[in-house]
Amino acid sequence: MKIGVLGSGIMGNGIAQVSATYGNEVVLVDLTEEALTKAREAMVKSLEKLSKKDNTVQMSEIINRVSFTTDKQQLKNADIVIEAIIENIEAKREVFKELDSLCEEHTILASNTSSLTISDMVAVTNRSDRVCGLHFFNPVPLMNLVEITCTENTSSETLQTVEKFVAELQKESILVRDTPLFVVNRLLVPMICEAISLVDEGTASVADIDKGMKLGANHPIGPLWLADMIGLDTLLNIQEALYIKTNDSKYRVPELLRTMVAAGELGRKSGKGFYNYS
Ligand SMILES: NC(=O)c1ccc[n+]([C@@H]2O[C@H](COP(=O)([O-])OP(=O)(O)OC[C@H]3O[C@@H](n4cnc5c(N)ncnc54)[C@H](O)[C@@H]3O)[C@@H](O)[C@H]2O)c1
């Protein structure tokens, strides 16, 4: 298939890499040449790492199947275009409108959004039967799940096509109704926020909360260690979106999370979060 990916950041780059790995022709689009150069470098690095573990990885063949471009026209005849631009509803709507008028009739438009609903994007297109969510997980080459989100209007042909595409990428999928945060983040993000509240209330230390969940719930890493990996700013945005969408006080953002983000303590990426990384 021909797969278009819009946005060559962490997620778009991973989606492009995995799509090319399993034989698809890929067009990866971003706004600037600079972003695309960074994306190409990141993809080479990721494939180098993977090929050290698995000598069947055909690095140059995979890279050669990807066109890195700023020209959206190249998405015109794609079978599926996956949007992975910044998490901003206005920007996403603009892009969906543009893709809807640019792409051929058969093209399926999908979004990799984590916290917005797909219906918010469908509204600006004239192809509601060919729009869905394809929510990949970070890092895409290593994580085996994709949440497939259908709206009321997504057709069964669209669902079949994207299910087959995901299976060909050797990933498992789960089917989710178009609701805030879908399944995995809806369970995960409030759990992490509850762990942050426990720190704030002085219930236990950071290390003991993580130890508790590793040994008591058999989680591979603790919730606060995971919070630092995801980025506290990202967590704040996601939980806030859930709170606003549901208007349910159980999803309120913990004060400590706001304070840490305001102080620039964003987790690993800033060198400090619940743990120190410097
Ligand atoms: N980071 C994660 O762990 C994660 C996990 C699952 C889903 N998501 C979702 O995936 C999407 C992308 O996240 P990310 O972390 O890769 O973001 P990112 O900031 O790393 O990358 C976004 C890229 O989109 C580009 N871009 C912005 N506007 C554009 C436009 N109009 N046309 C083309 N390119 C444009 C930017 O230049 C940037 O390179 C978001 O919707 C996010 O919620 C992120």
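Colleague: Why is strand β2 described as largely enclosed by the rest of the structure?

Modeller: In this predicted model, β2 covers residues 25–29, and four of those five residues are buried, so the strand is largely enclosed by the rest of the structure.

Colleague: What makes β1 and β2 a pair?

Modeller: Two strands count as paired once DSSP finds at least two bridges between them. β1 (residues 2–6) and β2 have five bridges, in the parallel sense, so by that definition they pair. One facing couple is Val 5 and Leu 28 of β2. On the way from β1 to β2 the chain passes through helix α1 (residues 10–21), a right-handed β-α-β crossover.

Colleague: And what pairs with β2 through Phe 68?

Modeller: That is strand β3 (residues 66–69), joined to β2 by four bridges, again parallel. Phe 68 of β3 is the bridge partner of Leu 28.

Colleague: Which residues touch the most other members of the largest nonpolar core?

Modeller: Val 5 and Leu 28 are in that group, together with Ile 15, Ile 80, Val 81 and Ile 82, in a core of 45 residues. Helix α1 gives the most to this core, with five residues. Another core, of 28 residues, lies apart from it and includes Ala 195, Leu 224, Leu 232 and Leu 266.

Colleague: Which elements give two or more residues to the shell around the ligand?

Modeller: Those are α1 and α4 (89–102), and α1 gives the most, with three residues. The shell has 21 residues, the closest being Gly 7, Gly 9, Met 11, Ser 114 and Asn 138. By kind, eleven are nonpolar, eight polar and two charged.

Colleague: How do you know that the peptide bond from Asn 138 to Pro 139 is cis?

Modeller: Its omega is near 0°. Pro 139 sits in the loop between β6 (131–136) and β7 (145–150). For context, most peptide bonds are trans.

Colleague: Why is Gln 170 called exposed?

Modeller: The cut-off for exposed is 12 or fewer other C-beta atoms within 10 Å. Gln 170 has 10, so it is exposed. This residue, in the loop between α6 (156–168) and β8 (172–177), has a positive phi near 65° without being a glycine.

Colleague: Then what makes Phe 182 buried?

Modeller: Buried begins at 20 C-beta neighbours, and Phe 182 has 22 inside 10 Å, so it counts as buried. Phe 182 lies in the loop between β8 and α7 (184–200) and also has a positive phi, of about 55°.

How values were computed:
Residues numbered from 1 in each chain as written. Predicted model: local features only at pLDDT ≥ 70, side-chain atom pairs only at ≥ 80, totals over all residues. Right-handed = clockwise from strand over helix to strand, strands pointing away. Near = placed C-beta within 6 Å. Nonpolar A, V, L, I, M, F, W, Y, C, P; charged D, E, K, R; others polar. Core = buried A, V, L, I, M, F, W, Y, C linked by C-beta atoms within 7 Å.
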